[in-house]
Amino acid sequence: MRTLVLNAGYEPLAIVSFKRALVLVMNDKATVIERVEDDPVWGSHGVYDRPAVIILSRYVRVPTSRRVPVTRRGVLRRDNHRCGYCGKAASTIDHVLPRSRGGADSWENLVACCLRCNNVKSDRTPQEMRWQLRFTPRPPHGTAWTVRGTERSDPRWEPYLALAA
């Protein structure tokens, strides 16, 4: 069981185990705002609510330069597993400016790509192929990218994740 941790300003910070969340609550560092019904935690000194969402008592400053690392999985997820050239289902990634010509492994230079388009394009640019990208590749933004684990979220988290999006 996992618990969503919100900053004092209701922005999502992290996802932790329910045990860690319970420790924060018991030490008065957080408050339970959503709990799992009919599934309490039994302790030697009593019964406690199993937290689904907690909010910290004090505001924690988060560095603004939280950069999301570039990964194959991340590019596919950002592009919704759709080819940046034809729109079909994508299983590979492509460098818009090929690496052989100095293209970087960056969010702005990588797009999801279907196998066919990737093989046809080879080491050419979209302009040389007379192809158009369906969108301009950009770094991802939003809570789902900075807080790990929200892709497999609990339905009770949705209102709190939507606030930060």
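Two strands count as paired here if DSSP finds at least two bridges between them, and that is the sense in which Glu34 has Val53 in S4 as its bridge partner. What you have above is a predicted model of a protein with 165 residues, 39% of which count as buried. Six helices and six strands make up its elements. Here's a quick tour, from the overall layout down to single residues.

**Overall layout**

- Reading from the N terminus, the order of elements is β-β-α-β-β-α-β-β-α-α-α-α.
- Take the contacts between residues at least 6 apart in sequence: 60% of them join residues at least 24 apart.
- The protein exposes about 10500 Å², with carbon and sulfur atoms supplying 49% of that area.

**Strand pairing around S4**

- Strand S3 covers residues 30–43, and its pairing with S4 is antiparallel, over nine bridges.
- The link from S3 to S4 is a hairpin, and two residues are all the chain uses to make it.
- Glu34 and Val53 form one of the bridge pairs involving S4.
- S4 (residues 46–56) also pairs with strand S1 (residues 2–6), this time in the parallel sense and over three bridges.
- Leu6 faces Ile55 of S4.

**Asn7, just past S1**

- Asn7 sits in the loop that runs between S1 and strand S2 (12–17).
- Is Asn7 buried or exposed? Its relative accessibility is 0%, so Asn7 counts as buried.
- Setting aside neighbours within four places in sequence, the contacts of Asn7 are Leu13, Ile55, Leu56, Arg58, Tyr59, Val60 and Val62.
- Ile55, one of those contacts, is also the residue opposite Leu6.

**Salt bridges**

- How many salt bridges does a search of the whole structure find? The search turns up six.
- Arg35 and Asp49 form a salt bridge through their side chains, at 3.7 Å from N to O. Arg35 is in strand S3 and Asp49 in strand S4, so this pair ties together parts that are 14 residues apart in sequence.
- Arg35 has a relative accessibility of 37%, so Arg35 counts as partly exposed; Asp49 is partly exposed as well, at 39%.
- There's a network here too: salt bridges link Arg35, Glu37 and Asp49.
- Arg78 and Asp79 form a salt bridge whose closest N and O atoms are 2.7 Å apart. Both Asp79 and Arg78 are buried.
- Arg101 and Glu128 form another salt bridge, with the closest N and O atoms 2.7 Å apart. This pair links distant parts of the chain, 27 residues apart: Arg101 is in the loop between strand S5 (92–95) and strand S6 (110–113), while Glu128 is in helix H4 (residues 126–129).
- Arg101 comes out as partly exposed, with a relative accessible area of 40%, and Glu128 is partly exposed at 42%.

**Rings**

- The whole structure yields one aromatic pair. Its rings belong to Tyr85 and Trp131, and because their centres are 5.2 Å apart with the planes at 50°, the pair counts as tilted.
- Tyr85 is in the loop between helix H2 (72–78) and S5, and Trp131 is in the loop between H4 and helix H5 (143–146), so the pair ties together parts that are 46 residues apart in sequence.
- Why does Tyr85 count as buried? Its relative accessible area is 10%, and buried means under 20%.
- Trp131, by contrast, has a relative accessible area of 24% and is partly exposed.
- Phe18 has a charge for company: the charged end of Arg50 sits over the Phe18 ring, 4.2 Å from its centre.

**Backbone oddities**

- Most residues other than glycine have a negative phi, which makes the next two residues worth a look.
- Asp28 has a positive phi, near 60°. Asp28 is in the loop between helix H1 (18–26) and S3, and with a relative accessible area of 65%, Asp28 is exposed.
- Asn80 also has a positive phi, near 60°. Asn80 belongs to the loop between H2 and S5, and at 58% relative accessibility it counts as exposed.

Conventions: Residues are numbered from 1 along each chain as its sequence is written. This is a predicted model: local features need pLDDT of at least 70, side-chain atom pairs count only at pLDDT 80 or more; totals for chains, interfaces and linings use all residues. Side-chain values use heavy atoms; hydrogens and water are left out. Helices (H or I, at least four residues) and strands (E, at least two) are DSSP runs, numbered from the N terminus. Buried means under 20% relative accessible area, exposed over 50%, partly exposed in between (1.4 Å probe, protein chains only). Contact means heavy atoms within 4.5 Å. Accessible areas come from the Shrake-Rupley method with a 1.4 Å probe; for residues, only the protein chains shown count as cover. A salt bridge is a side-chain nitrogen of Lys or Arg within 4 Å of a carboxyl oxygen of Asp or Glu. Rings of Phe, Tyr and Trp (its six-membered ring) pair if their centres lie within 6.5 Å; planes under 30 degrees apart count as stacked, over 60 as edge-to-face and the rest as tilted. A charge sits over a ring if NZ of Lys or CZ of Arg is within 6 Å of the ring centre and within 35 degrees of the ring normal.
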